[in-house]
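Me: I would like to go through the charged side chains of this protein with you, and then look at how its helices pack. Could you take my questions in turn and reason each one out?

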Amino acid sequence: MDLSQSSKFSADPLSDVLTALGATVTRRTRLEASGQWTLSFPPLDRLKFVALLKGTAWLIVPERNPQLLSVGDVCLIGRTAYTVASDPSLPLRDGPPFYDDCDVARLGGDDTIGLGGTVTFAPGNADFLLDMLPDFLLVPRSSPGSGAVSTILALLNGEAERGSMGSQIVSARLADVLLIEAIRAYAEGDERLRTGWLGALVDPRLGCALRALHEDIARPWTVAELASAAGMSRAAFSAAFARQVGQPPLTYVRAWRLTLARAVLTSSDADIASIGGKLGYTSQSAFTYAFRRAFGTTPKGLARS
């Protein structure tokens, strides 16, 4: 990772975060099922998407009412355990699902067809994003931004059925695009559903502040400067940011700086003092202190040998 580029991205925090964290769709699965069936998955440090291509299915997440999925619906699932089932009243099925060598689970027929994708992150980098996302996000086919999602789902299904040469690469790229389009559709949909960090990104004022700080993370930001970028008073901005994102503005700045530092340390041989300087720390000791406080180890202890 080139830190000079990572800390000077174009004004697109979502691309900034996903790239720096090494977010990749590492596994794609397909479900074909009929009759009564249920598949349960444990909680993991991953982001998962589940999309329905045919039929209906229930998505069951702890402490939420079961959600009926119809054709074209996509949901994003965070760390939580979840179950996909033909009927929410069925007993949960323990243990891993039975996929074949092609990552297809065949359960009695194909009245219901679903696609899944597991998004993993570079080691140790998942927390920044997963901590700010809800455990469950639904993007219904009826949402305003679902047109692109439907197109990509059709293309993914076509690739799976054709099995042509290069299909694995095409499917991998389409899965990456589906993830982004689903996030876009959620964030740009019903204002009542625009929660957390994603909601802040599309907020006309908070989004301006987030783009500004991601574009120049090394700048010695103050709350007043970020509020100015948002076109708000200091007090109103600070309260709105903390309410929407879940942490005060400067806490977010520090967390992103240190997340970037950790990503660079584990993926390159960059000089520790240079990393701290490019992220706005005035001395190596200040950088080391902040890093140890956040991660329980020093930059040197984490650096790639």
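**Charged pairs and helix packing**

Reply: To begin, in this predicted model lysine 54 forms a salt bridge with aspartate 110, the closest N and O atoms being 3.9 Å apart. Lysine 54 belongs to strand E3, whereas aspartate 110 sits in the loop between E8 and strand E9 (112–120), so the pair ties together parts that are 56 residues apart in sequence.

Me: Are lysine 54 and aspartate 110 buried, partly exposed or exposed?

Reply: Lysine 54 has a relative accessibility of 36%, and aspartate 110 has a relative accessible area of 37%. Buried means under 20% and exposed over 50%, so lysine 54 falls in between. Aspartate 110 falls in between as well, and each residue of the pair is therefore classed as partly exposed.

Me: How many residues apart in sequence are the parts that arginine 27 and aspartate 103 tie together?

Reply: The side chains of arginine 27 and aspartate 103 meet in a salt bridge, with an N to O distance of 2.9 Å. Arginine 27 is in strand E1 (residues 24–33), while aspartate 103 is in the loop between strand E7 (82–85) and strand E8 (104–107), so the parts they tie together are apart in sequence by 76 residues.

Me: What separates glutamate 181 and arginine 184 along helix H5?

Reply: These two side chains, glutamate 181 and arginine 184, also meet in a salt bridge (2.9 Å, N to O). Glutamate 181 counts as buried at 15% relative accessibility, whereas arginine 184, at 41%, counts as partly exposed. Because they are 3 residues apart in helix H5 (residues 167–187), their separation is about one helical turn.

Me: How many salt bridges does the structure hold, and which residues are linked in a network?

Reply: The count for the structure is 9 salt bridges. The residues linked in a network of salt bridges are Asp45, Arg79, Asp127 and Asp131.

Me: Arginine 46 is buried yet has no salt bridge; which residue offers a backbone oxygen to its side chain?

Reply: Arginine 46 lies in the loop between strand E2 (38–41) and strand E3 (47–54), and the nearest side chain of opposite charge, aspartate 135, is 7.6 Å away. A salt bridge needs the nitrogen and the carboxyl oxygen within 4 Å, so that aspartate does not qualify as a partner. Among the residues that arginine 46 touches are Phe41, Ile77, Gly78 and Tyr82. A polar atom of the arginine 46 side chain lies 2.3 Å from a backbone oxygen, and that oxygen belongs to glycine 78.

Me: Lysine 48 is also buried without a salt bridge; which side chain makes a polar contact with it?

Reply: Lysine 48 lies in strand E3, and its nearest side chain of opposite charge, aspartate 103, is 9.8 Å away. Its contacts beyond four places in sequence include Phe41, Ile77, Tyr82 and Thr118. The polar contact of the lysine 48 side chain, at 2.7 Å, is with the side chain of tyrosine 82.

Me: How are helices H7 and H9 oriented to each other?

Reply: Helix H7 (residues 206–215) and helix H9 (residues 234–245) pack with their axes 11 Å apart and at an angle of about 85°. Leu206, Ala209 and Leu210 of H7 meet Phe237, Ala240, Phe241 and Gln244 of H9. Since angles of 65 to 115 degrees count as roughly perpendicular, the orientation of H7 and H9 to each other is therefore roughly perpendicular.

Note on methods:
Residues are numbered from 1 along each chain as its sequence is written. This is a predicted model: local features need pLDDT of at least 70, side-chain atom pairs count only at pLDDT 80 or more; totals for chains, interfaces and linings use all residues. Side-chain values use heavy atoms; hydrogens and water are left out. Helices (H or I, at least four residues) and strands (E, at least two) are DSSP runs, numbered from the N terminus. Buried means under 20% relative accessible area, exposed over 50%, partly exposed in between (1.4 Å probe, protein chains only). Lys and Arg count as positive and Asp and Glu as negative; His and the chain ends are not counted. A polar contact is a pair of N or O atoms within 3.5 Å; within protein, one must be able to donate a hydrogen and the other to accept it, and residues adjacent in sequence count only if both atoms are side-chain atoms. Contact means heavy atoms within 4.5 Å. Axes are lines fitted to C-alpha atoms, for helices over the stretch in contact, and angles run from 0 to 180 degrees between N-to-C directions. Angles under 35 degrees count as roughly parallel, over 145 as roughly antiparallel, 65 to 115 as roughly perpendicular and the rest as oblique.
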